[in-house]
Amino acid sequence: MSLLATVVAVVSGWGTPTGARPVPGKQHAVDLVGNEYIYGDAEHTVSVYVKVFTNSPFLACMDLAHSQEDLIDSKYLWIAPDGKKLQGQRYGNLSEMGTLMVMGFKESLSGAYTCTLSHKILETTTGEEREVFNTYKFMVYAYREADHAYQVFVRFTTKGCKLKANHWFFKKLKIVLSGIISDLKCQIVEPSYECHSVKKHKHSLLHELFVTFKVNPFAPGWEEICYQVAYDCEDATNRRVQEARDRIEEFFHAQAYVLKHKFHTLPAIHYVDKSFSVIRIDSCRPGFGKNSITHKDCAGCCVVCDPGTYSPNNEVTCQTCQRPRVKQYGARSC
């Protein structure tokens, strides 16, 4: 039995994964959270990150100090990013206590939400009353989880760099790896190899195939899975590609075991033990990008592009428009 066939037999029992791995959201500045509310700060703008198509957390039109006080004749006025009052807007859920929840959050709802709290203070000694005002600003951003892919690096020993068998082996390897992950709607892309001469300590000159390829979750049919999970598409694709990555790693671990325990004479082309390595590559959907400086509270997120910037593809950064005409969030072109 050939080495590849032996390893295929080892992994043939894999099936479609079940269950879900929760992905924690990043929706608030930690020091401004009390119970289920995010409180304002009269001196600073509070940044809030809301996953697309979900509801925002409750934004409280007061700070933590006011939440501990009895407020007399309190009134609340919320202003949306477009400058209009939020009262009566279908996407804004306002309560009598001055809290706001933005429903079904999407890119266009990103921006500055401002609220003004007014209440009366009664002077018990003089009987006078006065009205005070406090204004709070929340910068609310839509975000998505980054799409993950994995770049794999692995090496095989071969008898020589000019052998036709190298190309044949590489072709068969791609077929086997693709078969291992096909049920996950993941695919092997950008596969390549190079042959190099390697001088190892206390060993003669060896020839090795340096193989690399990328595993991504966008094989034909992946959209159907997204339709089933609605807005958690990134979570579903990331779970699938993680499973694909794990299967491939186990495949190469199995090769090392088979070579050690099943073969008396090593095949002409065989896996270099412990040569498997992998790095994760993130990408963002168009209209979103990463910025660990501007959005340090959501550094790993794909945050909606600010006005004056855009992202037309699956890169991880929002580009600046040369002639800023874009005034909306989430632009895909200038």
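Where is the place of G160? Let's start there, and keep in mind as I go that this is a predicted model. G160 sits in the loop that runs between strand 10, residues 147-158, and helix 3. Buried or exposed, then? Its relative accessible area is 11%, and the cut-off for buried is under 20%, so G160 counts as buried.

And who does G160 touch? Leaving out residues up to four places away in sequence, the contacts are N166, C195 and H207. Take H207: it is 47 residues from G160 in sequence, yet the two C-alpha atoms are 5.7 Å apart in space.

N166 brings us on to helix 3, since that residue is one of the buried ones there. Helix 3 covers residues 164-181, so to speak a run of 18 residues. From first C-alpha to last it reaches 27 Å, close to the 26 Å you'd expect at 1.5 Å a residue. The buried set is N166, F169, F170, L173, V176, L177, I180 and I181. Look down the axis and those buried residues fall within an arc of 130 degrees, so they line one face of the helix. Now turn the helix round: on the face away from the buried side you'll find K164, W168 and I175, which are exposed.

Back to strand 10 for a moment, because that is where D147 lies. D147 is buried too, with a relative accessible area of 2%. Its side chain makes a polar contact of 2.5 Å with the side chain of R285. Setting aside neighbours within four places in sequence, D147 is also in contact with other residues, including F218, E234, T237, N238 and I281. D282 and S283 are on that contact list as well.

Last stop, strand 7, residues 99-102. Which way do its residues point? T99 and M101 go one way, L100 and V102 go the other, and all are buried. As a general point, side chains in a regular strand alternate between the two faces of the sheet.

Strand 7 has a partner in strand 4, residues 58-60: the two run antiparallel, joined by two bridges. There, A60 is bridged to T99. Strand 6, residues 92-94, also pairs with strand 7 in the antiparallel sense, over three bridges, and G92 has V102 as its bridge partner. Strands 6 and 7 form a hairpin with four residues between the strands, and in that hairpin G98 takes a positive phi near 90 degrees.

Conventions:
Residues numbered from 1 in each chain as written. Predicted model: local features only at pLDDT ≥ 70, side-chain atom pairs only at ≥ 80, totals over all residues. Heavy atoms only, no water. Expected span 1.5 Å × (residues − 1). Buried < 20%, exposed > 50% of the residue type's maximum accessible area, 1.4 Å probe, protein only. Arc of directions from axis to C-beta. Pairing = 2+ DSSP bridges. Contact = heavy atoms within 4.5 Å. Polar contact = N/O pair within 3.5 Å; in protein donor to acceptor, adjacent residues only side chain to side chain.
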